[in-house]
Amino acid sequence: MFLVSGTAFADTPKNADAQPAKAAQPAKPKAAKKTEKSDAAIAAQLEELRQALQSQQEQLQTLKEELSKRDRQIDEAREAAAAANARAAEASTKATEAVNSTAEVKSTAVALNSTVSDLKASNEVLKTTRATEQAAAQKAEETGPATIKYKGINITPGGFLAAETVFRQRATSGDIPTPMNAIPYPGNALSRVTENNFAGRQSRISLLLDTKVGSAKLSGYYEADFYGAGTTSNNRQTNSYVLRQRQAWAQAAFDNGLSFTGGQMWSLATEDRKGIQNRLEIPPLTIDVNYTVGFTYARGYGFRVVKDFGGKYAFGVSVEGPQSTFGGRGFSTVTSATGATTQNFFINAPGANGGLFNAFDPTGYTVNKAPDIFVKAAIDPGWGHYEVLGIVSTFRNRIYPCAIVSPAVSTATTILVGPALTGSPGFTCLNAAGAQLTSPSAVNAFNDTRTGGGFGVSANVPLFAKKVDFGVKGVAGDGIARYGAAQLADLTFRPNGSQALLRTAHGLARVEFHPTPKLDVYLYYGAEYAWRAAYAGYMTDAITTSQVVTACTPGVAGCPPSGFVLTTVTTHRTSNTATGGYASPLANNAGCSTEAPPAGSSAPGSGACAGDIRVIQEGTLGFWHKMYQGPKGGLRWGLQYSYLTKSGWSGVGTGGVQVQPKAIDNMVFTSFRYYLP
């Protein structure tokens, strides 16, 4: 187009209108030759112009063709460009997709690599787990579960099997448990012989049951050994001793720290390792089943309520089954001519077979008025464990003021040697006719109640990175002696039959060493002390009868033909100034150091010896070595040595000299035990 326009501009002036061609003017004659020459030149020029124009037209045609061709090429290029753009867009999209796909591929590759690694690790874990499971299965097959599941309840058995021996320098006629208050004084024939006893009776079985119901953990615990003795039990052939229930209790413990426990259990008076919790009691490590002098404990009925305050403080109250132990001598008594005795009180009664109490227990059972009540607070500040204890005990007996009476005067057949006894002071003892009673009677009988109690404190602390445990406990009060291991008397009786509670104190110091996980060494010292409670004014009437021959006149009524009659004369030897009670300085200790001959083949002799106990002391040293302790239980052996002394209150000896008896026993115990896992 540009070239065409250019050519047009060359031919036609700008803005000029097209003009018709003018006719050629005739040439002037005078210029004929010039005209011819001019025409030829013009023709030549025109030809040249024509050729040039034709050439230009050809060029224009060529250019048009080229332009057309270029237009087609441009269109094609545009189409190609559009197609290229479309392809580029598509390629870009594909590239983006490829990039995304590449990222996904890379991510997938990474994930796959991670998965492969995880699979490898998982495979190793699976191998390890499988090996562990196989080992656990084999172990479970070998050992079984530690706890048995039954209807949502966990059942855990426990206990141990024991083979034990004891050697005592002075025999007590006792098994592994030592009757601490009965080691013999020198006047007892048993003190002149040693004893070796062998037993497996401390073997123990236990069963713990627990489950969770809402906010409460319900538990039950049973524990027993074989230190029960039946009437046919003996050591001759089969050692046929019976099962003894040690513990049997149920408990509901709530998440808020409140718990209720009832059954047969350790007394609340017994120390705990932490807080106030069943099964966390800390009895001495002794082989001796009766532990050691000074240890505070009982295992009997109890119902306790405990509140724990975050593991730092605990407070508990319990009611427990009471019993009364009494001692002393010289009580007000009437002794008949046949040897039968009558006293002015009773406190215990023999067990009834039908009531399933032990009818063969010579001490009998207390007819209780009220339970013993215990209150205890425990503190665990972070170092050590500390307790404060209070005890309240109620004692009751029945008193018979008119049980100790005698004839007022002598008669022909009755001889009164001593003062007339008219019953306890302050009481009038008359029969239905209003006459003075002369033989024991239940007239004016009544029940008498006395209240005793005591106080105790204890502390147990770990030392030297828990390699040593040190503890001390002391308890003192009136009428609480039975909670000490030596079993001193709770009370004695006054001349009128009323109860006199004995003041006693007992304590125990302990040091337990744990140098290695396999070795425990223990050292204990304990003592139990009882104060005097002696009185004067006890009444006694010793009755004897004799046959006297007297002469009579035959033929008189009542006189036989022989002229002699046999008459029974009753003699009453009475006193109202006798001394007695517990630890009377006038008690007879004459035979405490003098051996007497035996009363029979199974009755070693013993000299006359009141020997009321003033203090019992014991020092104990021992150890336990754990030969094996693992998932299959525990095997251990132990050795214990104890030095025990019993010192009595002074009394009257031969020639009126004061004699204070003393007994000593050296004891060695061994034990070999297998514990259930």
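A residue is called buried when its relative accessible area is under 20%, exposed when over 50%, and partly exposed in between (1.4 Å probe, protein chains only). The model is predicted: local features need pLDDT of at least 70, side-chain atom pairs count only at pLDDT 80 or more, and totals for chains, interfaces and linings use all residues. Residues are numbered from 1 along each chain as its sequence is written, and side-chain values use heavy atoms, with hydrogens and water left out.

**Exercise 1.** State what share of the 677 residues counts as buried, and how many helices and strands the protein has.

*Solution.* Begin with burial: 36% of the 677 residues count as buried. Then turn to secondary structure, where helices (H or I, at least four residues) and strands (E, at least two) are DSSP runs numbered from the N terminus. The protein has 2 helices and 30 strands.

**Exercise 2.** Determine which strands pair with β24 and in which direction they run.

*Solution.* Pairing requires that DSSP finds at least two bridges between two strands. Strand β10 (residues 333–335) is joined to β24 (residues 533–551) by 3 bridges, and these strands run parallel. Within this pair, Val 334 has Asp 541 of β24 as its bridge partner. Next, 17 bridges connect β24 with β25 (residues 564–582) in an antiparallel arrangement. There, Ile 543 is partnered by His 572 of β25.

**Exercise 3.** Describe the surroundings of Thr 178, and decide whether Thr 178 is buried or exposed.

*Solution.* Locate the residue: Thr 178 lies in the loop between β2 and β3 (195–199). Its relative accessibility is 1%, so Thr 178 counts as buried. Contact means heavy atoms within 4.5 Å. Leaving aside neighbours within four places in sequence, the contacts of Thr 178 are Arg 168, Asp 288, Asn 290, Leu 644, Met 667 and Phe 669. With the side chain of Arg 168, the Thr 178 side chain also makes a polar contact of 2.9 Å. A polar contact is a pair of N or O atoms within 3.5 Å; within protein, one must be able to donate a hydrogen and the other to accept it, and residues adjacent in sequence count only if both atoms are side-chain atoms.

**Exercise 4.** Identify the residue whose side chain makes a polar contact with that of His 514.

*Solution.* His 514 is placed in strand β22 (residues 503–516). Beyond four places in sequence, its contacts are Lys 466, Lys 467, Asp 469, Leu 519 and Asp 520. The side chain of Asp 469 makes the polar contact, at 2.9 Å.
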